[in-house]
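Welcome to this set of short exercises. Work through each task with the sequence and the 3D view side by side, then compare your steps with the solution.

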Amino acid sequence: MSVKNGDIAASIISIILFVFVMIFPIITGLIIYTNRDILGDKLFYQRYGSFYQDIKPNSIGVYYCLLFMIRRIVYGLISVALGDYPAF
């Protein structure tokens with residue numbers, strides 16, 4: 001059984017992307033949570049405003065983007081893990 005260089009590279013890239021996809025929502029949540037007092041600041045909004053666009057900075061809605069990302073990751077993991085078991 002031989003392993004090709006392309007297979008090794010694809011495996012490494014997929015592991016790196018998997019780790020990034022898992023860590024990105026955590027980092028996003030930490031940035032929003034630790035800076036919740038300055039979410040309304042103009043400089044902070046220019047830098048990190050895409051995390052909570054068009055949402056009041058003092059509401060619980062700023063975490064919607066985080067929950068949306070986690071939900072998408074869970075759907076993706078379920079579709080990969082249960083791909084051999086079709087529902088119908």
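**Exercise 1. The surface**

How much area does the protein chain expose, and what percentage of it do carbon and sulfur atoms supply?

*Solution.* Begin with the ground rules. This is a predicted model, in which local features need pLDDT of at least 70 and side-chain atom pairs count only at pLDDT 80 or more, while totals for chains, interfaces and linings use all residues. Residues are numbered from 1 along each chain as its sequence is written, and side-chain values use heavy atoms, with hydrogens and water left out.

Now the area: the protein chain exposes about 7,400 Å² (Shrake-Rupley method with a 1.4 Å probe; for residues, only the protein chains shown count as cover). Carbon and sulfur atoms supply 67% of that area.

**Exercise 2. The overall form**

Describe the helices of the protein chain, then explain why it is called more spread out than a compact globule.

*Solution.* Step one: count the elements. The protein chain has three helices and zero strands (DSSP runs numbered from the N terminus: helices are H or I with at least four residues, strands are E with at least two). In sequence order the pattern is α-α-α.

Step two: compare the radius of gyration with the rule. The radius of gyration of the protein chain is 18 Å, well over the 12 Å that the globule rule gives for 88 residues, so the chain is more spread out than a compact globule. Here the radius is taken over C-alpha atoms, and the rule is 2.2 Å times the number of residues to the power 0.38.

Step three: look at the extents. The C-alpha trace spans about 60 × 40 × 15 Å along its principal axes.

**Exercise 3. Inside or outside**

Is T28 buried or exposed, and which residues does T28 contact beyond its neighbours within four places in sequence?

*Solution.* First locate T28: it lies in helix 1, residues 5–34. Next, check its cover. T28 has a relative accessible area of 1%, so it is buried (buried is under 20%, exposed over 50%, partly exposed in between, with a 1.4 Å probe and protein chains only). Buried residues make up 16% of the 88 residues in the chain.

Then find its partners. Leaving aside neighbours within four places, T28 is in contact with F51 and M69 (contact means heavy atoms within 4.5 Å). The T28 side chain also reaches the backbone oxygen of F24 at 2.9 Å.

**Exercise 4. A walk through one loop**

Sort D54, Q53 and P57 by exposure class, using their relative accessible areas.

*Solution.* Start with D54, in the loop between helix 2 (42–48) and helix 3 (64–81). With 77%, D54 is exposed. Q53 is found in the loop between helix 2 and helix 3, and at 49% Q53 is partly exposed. P57 also has its place in the loop between helix 2 and helix 3, and at 30% P57 counts as partly exposed.

To finish, list what P57 touches: L39, G40 and V62, not counting residues up to four places away in sequence.

**Exercise 5. Sequence and space**

How many Å separate the C-alpha atoms of Q53 and C65, and of I38 and A87?

*Solution.* Take the pairs one by one. Q53 and C65 are 12 residues apart along the chain, with C-alpha atoms separated by 9.0 Å. I38 and A87 are 49 residues apart along the chain, and their C-alpha atoms are separated by 46 Å.

Technical notes: Polar contact = N/O pair within 3.5 Å; in protein donor to acceptor, adjacent residues only side chain to side chain.
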